Amino acid sequence: MTWSEAELLASDEVAEPLLADGVRRHGGFDAEGRYVSPRTKNRVPATKAWQQSHRDMFGGDILDAPIELWPEAFPSVAQTKYLLREGVPGPTIGALTRIGTVEGFGSMIRAVNVEKMQKHFVESIDGTAIAHLQSGLFEAHARDEAGWEGEAGHKQMWFAARDLAFENPVTDDMTQTMLVPMGIVPADGKPPTPEEVRRNAEAMRRFPDLDLSLEMMLRRMVGLLFIEVSAFHTFAWAEEVLSDTGLVAGDGRAAELVRFIRADETPHVDYLRTALTEMRDRTFVGESGATVSGAEVIGTLWDTALDQSLGVNRENFLRTAMAEVEHAVASHPRRDDILDGFRALGSETGSGVPA
């Protein structure tokens, strides 16, 4: 029930490292050739132990965000393959670039700093995932996403999958340029200042009596959980598209990389929903000393983030994705025919049902 940071960051020994294009990626293969995710030697059994302990103490089960809540990928597999057959790879290359970049942003979770976590709860948090968030769990998540030392993480692995499938289609500079119109990076390349981050956080605040850093952490955790779960649709899309050796290069190695990334994401989902469940069933203490039920705090932030994920975030994504398709065929002599064929395979809502 209690682990050191070093223990939560520990990896199993592997018989063979994972290499892609001669670059060491994290994880590796055991003696039977099975992929082994990084930093899961103790992290996975620890999470299972915290989950069972919580069930024993509080009853009920662990929070869940079923993937069925989110619509499938857009463009769909059929639409993506259609574009590739028509010689229009741009939207797929752009999607893989965007996914890799967003994965890299997952490393920002290590910047969370909530002092003396126990003081924010009435009940003890000893022997819980909550108590280990800032002493191993967030750091393991960050290293998985952005890499660590000589090992590349998910950001670089998505880019490697893109480069294998499309034979190095873009340079690093081109990648940055592609991300500006997507809204992924600012046009001036400057991240928001700490003052801007704080002002934005204050504007979004739902529980003024709670420590601001704590509420920011909770919002980030819920939002990250939803991104991780909904991404499994993306994994299914990418694996099916990138395994089609008649349409993309790489002899299926790009799809293999995506499968390895998918395996790595499951521990992220599990620790996030475990810690959020532990908080839901406890009592928060505000800065005034007043208390508020965890069910109210987590429930409010959960519902708000879910509405945003399925609402404005989804709408913005669909607009961006469709704009990429239209831009990719803008100068094509068969522009209208290609767009008609694309729309015949699914609607612009991403539902997969023709409009």
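Buried means under 20% relative accessible area, exposed means over 50%, and partly exposed lies in between (1.4 Å probe, protein chains only). Keep these words in mind for the views below. The model shown is predicted: local features need pLDDT of at least 70, side-chain atom pairs count only at pLDDT 80 or more, and totals for chains, interfaces and linings use all residues. Residues are numbered from 1 along each chain as its sequence is written, and side-chain values use heavy atoms, with hydrogens and water left out.

**View 1. The whole chain holds 13 helices and 5 strands.** The radius of gyration is 21 Å, close to the 20 Å that the globule rule gives for 355 residues, so the chain is as compact as a globular protein of that length. That radius is taken over C-alpha atoms, and the globule rule is 2.2 Å times the number of residues to the power 0.38. Helices (H or I, at least four residues) and strands (E, at least two) are DSSP runs, numbered from the N terminus. Along its principal axes, the C-alpha trace spans about 70 × 50 × 40 Å. Buried residues make up 50% of the 355 residues.

**View 2. Helix H6 covers residues 154-166.** From its first C-alpha to its last, this helix of 13 residues reaches 18 Å, close to the 18 Å expected at 1.5 Å a residue. The expected span is 1.5 Å times one less than the number of residues. How many of the residues of H6 are buried? The count is 11 of 13, and H6 is mostly covered. Among them are Trp158, Phe159 and Phe166, along with the charged-group carriers Arg162 and Asp163. Just after the helix, Glu167 takes a positive phi of about 55°.

**View 3. Two loop residues, Lys116 and Glu149, have positive phi without being glycine.** Lys116 sits in the loop between helix H4 (90-105) and helix H5 (133-146), and its phi is about 45°. Is Lys116 buried or exposed? Its relative accessibility is 67%, so Lys116 counts as exposed. Glu149 belongs to the loop between H5 and H6, with phi near 55°. At 73% relative accessibility, Glu149 is exposed as well.

**View 4. Ser107 is a buried residue in the loop between H4 and H5.** Why does Ser107 count as buried? It counts as buried because its relative accessibility is 14%. Which residues does Ser107 touch, leaving aside its neighbours within four places in sequence? Its contacts (heavy atoms within 4.5 Å) are with Ala142, Glu145 and Ala146.

**View 5. A cis peptide bond joins Phe74 and Pro75.** Look for an omega of about -5° at this bond. Pro75 lies in the loop between helix H2 (43-58) and helix H3 (77-85).

**View 6. Asp281 lies in the loop between helix H10 (253-280) and strand S4 (283-285).** With 25% relative accessibility, Asp281 counts as partly exposed. Apart from its neighbours within four places in sequence, Asp281 is in contact with His54 and Phe58. How far is its C-alpha atom from that of Ser230, 51 residues apart along the chain? The two C-alpha atoms are separated by 25 Å.
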